[in-house]
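Me: I am new to this structure and would like to learn how to read its features. Can we go through them in turn?

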Amino acid sequence: SAKLLANTGNYGFAAATGKVNVPLSDDLFASLLLGASEQDGYIHNLTLDRELQGAKRDTAKLKFRYVGVDQLIVDVGFDYLKDEDKSTNAEALANGAFNGFTLAPDPFVVAHNADEFEQRELKGATIEAVYETPESYKWTSITGFRSNEFREQSEEDYSPLNVAVSVFDEQSDQVSQEVRLASPKSESWDYVIGAYCLDQDISTERQAITGPVFLLAPNGRVQTPASAEVASASLFLHGNYYFDTRWSLTAGVRYVNETKNIDYSSIDSTKMFISTNHLIDQKTFNEWLPKLGLNFQMTPDVLFYTSVARGYKSGGWNADFITSLDNFQFDPEYAVSYEAGAKSLFLNRRLTVNVSTFLTKFDDFQVFQFLPTQATNGTVLSLTNAGKVTSKGLELDISAVLTEHLQLSVNTAYTSARFDEFK
């Protein structure tokens, strides 16, 4: 089979995607997807007379499926994505030292001299094998390989003057492996148990380059080459216990062990940032992440549920432009999430209505902050632990099958978030 899809839109948007499925033999099948899209920018740069925020993307996916062994399915996939954007990260909303706002006061207009761009290239491969035993236990193995490259050049003074630009180069390579066992569903219980590991290598170099107009440090440069390694392993168990045909208990736990290493340098000729050579550090995290839920199946088509879970995001380092080692590290972020909702089907399952409400309490919330610098009376952007946050909201999803070929979907959400403590 083959399929071709074309889309068009405003700002010169055009996209085409083609997919073909081919049986190579009785036991081996292949599918190929190729896509390309392009869109003009909508922000005009007066200085370079070009449009910004335009995008060009190419994608490719190749997948093979082998079913030559009884009760075994093996999928091998490859994917590729390349983005090339001419984009800016900000507009001047007021005049600073270089009057960028006066020169371009209108919305969606800037006056930047830097050749701003953003480039991404993502490559990956996965191997997934699923084997079902005669007793209906299901073994799953997923192996993943990923390589990501990112490069960006940004305007730092938001004016047509040669003051400062920044350039980011990053490379990431990772290998992951997951193995899990799912039990058959009995009248009383079912479960999934497994393990996951990840090994990741990251290299980054960020540069800020000043021009002759930057009087504090003309024609200077600060570079922050760094490399990091991440080794993560986790064990998880998730199960359901059925009290009867209507009530069930869901429980699970994940144990995470994560070790991070960094080798960071800062080479500064501007004397505005720290200077250090091969600062080496290591962090290790061990966390238990439980989850508990209660479900009520009121009818075969109406389910009510509630759950509470603990989550975390590991800490790390700001391998960036920093003025003090006090801002170099940040701590883990923790969250406790409460959720309640309903999933329902009506009108002979032609109408789906799902509603949920949630409340999440964050501790040591990780957020980017503009921290003051003494050398320039300006700021640098660093990831910090801001304190405590409460986020709550409501989500509603409605889907209706109107005809055999027509389906209507409505999705809406409301979120309210506030800092209970900010530091």
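Reply: What follows goes from the whole chain to its surface patches and then to two backbone angles. Keep in mind that this is a predicted model.

Me: How many helices and strands are in the chain?
Reply: The chain has one helix and 25 strands. Its C-alpha atoms fill a box of roughly 75 × 50 × 40 Å along the principal axes.

Me: What share of the residues is buried?
Reply: A residue is called buried when its relative accessible area is under 20%. Of the 423 residues in the chain, 33% are buried. The accessible surface of the chain comes to about 24,500 Å², and carbon and sulfur atoms hold 57% of that surface.

Me: What do the contacts say about residues far apart in the sequence?
Reply: Take the contacts in the chain with a separation of 6 or more: 60% of them are between residues 24 or more positions apart.

Me: How many positive and negative charges does the chain have, and how far apart are their mean positions?
Reply: There are 35 positive and 56 negative charges, and their mean positions are 5 Å apart.

Me: Which residues gather in a patch of positive charge on the surface?
Reply: Four lysines do: Lys 3, Lys 19, Lys 61 and Lys 63. One of them, Lys 61, is found in strand E6, residues 54–66. Lys 61 counts as exposed because its relative accessibility is 52%, and the cut-off for exposed is over 50%.

Me: Which residues make the nonpolar surface patch?
Reply: Val 20, Val 22, Leu 24, Leu 32 and Leu 34 make a nonpolar patch of about 380 Å² on the surface. Strand E2 (14–23) and strand E3 (28–39) are the elements that give two or more residues to this patch.

Me: Where is Val 20 found, and why does it count as partly exposed?
Reply: Val 20 is in strand E2. It counts as partly exposed because its relative accessibility is 32%, and partly exposed lies between the cut-offs of 20% and 50%.

Me: What is the usual sign of phi?
Reply: In most residues other than glycine, phi is negative. Gln 71 is a case with a positive value, near 70 degrees. Asp 364, also not a glycine, has a positive phi of about 55 degrees.

Me: Where do Gln 71 and Asp 364 lie?
Reply: Gln 71 lies in the loop between E6 and strand E7 (72–86). With 40% relative accessibility, Gln 71 counts as partly exposed. Asp 364 has its place in the loop between strand E21 (351–363) and strand E22 (366–372).

Terms used. Residues are numbered from 1 along each chain as its sequence is written. This is a predicted model: local features need pLDDT of at least 70, side-chain atom pairs count only at pLDDT 80 or more; totals for chains, interfaces and linings use all residues. Side-chain values use heavy atoms; hydrogens and water are left out. Patches are made of residues with over 30% relative accessible area and no salt bridge: like charges are joined within 9 Å, nonpolar side chains (Val, Leu, Ile, Met, Phe, Trp, Tyr) within 5 Å. Accessible areas come from the Shrake-Rupley method with a 1.4 Å probe; for residues, only the protein chains shown count as cover. A salt bridge is a side-chain nitrogen of Lys or Arg within 4 Å of a carboxyl oxygen of Asp or Glu. Lys and Arg count as positive and Asp and Glu as negative; His and the chain ends are not counted. The place of a charge is taken as NZ of Lys, CZ of Arg, CG of Asp or CD of Glu. Helices (H or I, at least four residues) and strands (E, at least two) are DSSP runs, numbered from the N terminus. Buried means under 20% relative accessible area, exposed over 50%, partly exposed in between (1.4 Å probe, protein chains only). Contact means heavy atoms within 4.5 Å.
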